[in-house]
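Please examine the sequence and the three-dimensional structure shown below. The explanation then turns to the interior of the protein and to its pocket.

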Amino acid sequence: MLILSACSAEQEPSDAEAVAAVEAAQDGKHPVEPIAPQAILYPDISKHKLHGTGCAFVADGGGIGAVLLAQDTRGVLKVNGEIQILAPDTGAAKLPKGSWSRYTGKEYALTLTASGPVEAVGTSEHFDGKLVITDEFERPVYSAIGDVQCKAI
């Protein structure tokens, strides 16, 4: 009987206490905000001097425009009309034409992986791939499968 009375003496947390507990659990992280990378078009390439050798990722069902340029010295995304430059993780796996499997930046990081064999086609290489972009807390904000073409851009 004493045990039951001790349990009934405990109170449920107030709404304010419950909200405070949730906020503490989130550790100051904002909610995940999915992104929709845009195609990097020739005017973007010319304006930002993005020519070079590397791989271009085109998402399945996303048209023919690449949403990622993976090069030896940078990874390039276009988000909300702005070009984002990411640094290569040179400790990551090497991909064809000097590109890397991982790039990191201030707002985003990305991983590009091959989900099929790399096939040579003339002077270029091609493979089926998967692109995952994460936010600054390493939470996925974009994921797609698609076609990767590696050549001079």
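The paragraphs that follow describe the nonpolar cores and then the largest pocket. The structure is a predicted model.

In soluble globular proteins, nonpolar side chains tend to be buried together. In this model, the largest nonpolar core contains 24 residues. Those with the most contacts inside this core are Phe57, Leu68, Leu110, Leu112, Leu131, Ile133 and Tyr142. Six strands each give two or more residues to the core: E1 (53–59), E2 (68–71), E3 (75–79), E6 (109–114), E8 (124–134) and E9 (140–152). Strand E9 provides the largest share, five residues.

Leu112 may serve as an example of how parts of the chain meet. When neighbours within four places in sequence are left aside, Leu112 is in contact with Phe57, Leu68, Ala70, Leu95, Ser101, Lys130, Leu131 and Val148. Another core, of nine residues, lies apart from the largest one. Its members include Ile45, Ala66, Val76 and Ile83.

Attention may now pass from the cores to empty space. Rolling a probe the size of a water molecule over the atoms shows where such space is left. The largest pocket holds about 230 Å³ of space. Its lining consists of 15 residues, and Ile40, Ala56, Ile64, Gly65 and Ala66 lie nearest the centre of the pocket. By character, eleven of the lining residues are nonpolar, two are polar and two are charged.

Which elements supply at least two residues of this lining? They are helix H3 (42–47), strand E1 and strand E9. The largest share of the lining, four residues, comes from E9, the strand that also gives the largest share of the largest core.

Key: Residues numbered from 1 in each chain as written. Predicted model: local features only at pLDDT ≥ 70, side-chain atom pairs only at ≥ 80, totals over all residues. Heavy atoms only, no water. Core = buried A, V, L, I, M, F, W, Y, C linked by side-chain atoms within 4.5 Å. Buried < 20%, exposed > 50% of the residue type's maximum accessible area, 1.4 Å probe, protein only. Contact = heavy atoms within 4.5 Å. 1 Å grid on protein atoms, 1.4 Å probe; cavity = no way out; pocket = protein on both sides within 12 Å on 5 of 7 lines; lining within 4 Å. Points joined across faces, edges and corners; volume = space filled by probe spheres on them. Nonpolar A, V, L, I, M, F, W, Y, C, P; charged D, E, K, R; others polar.
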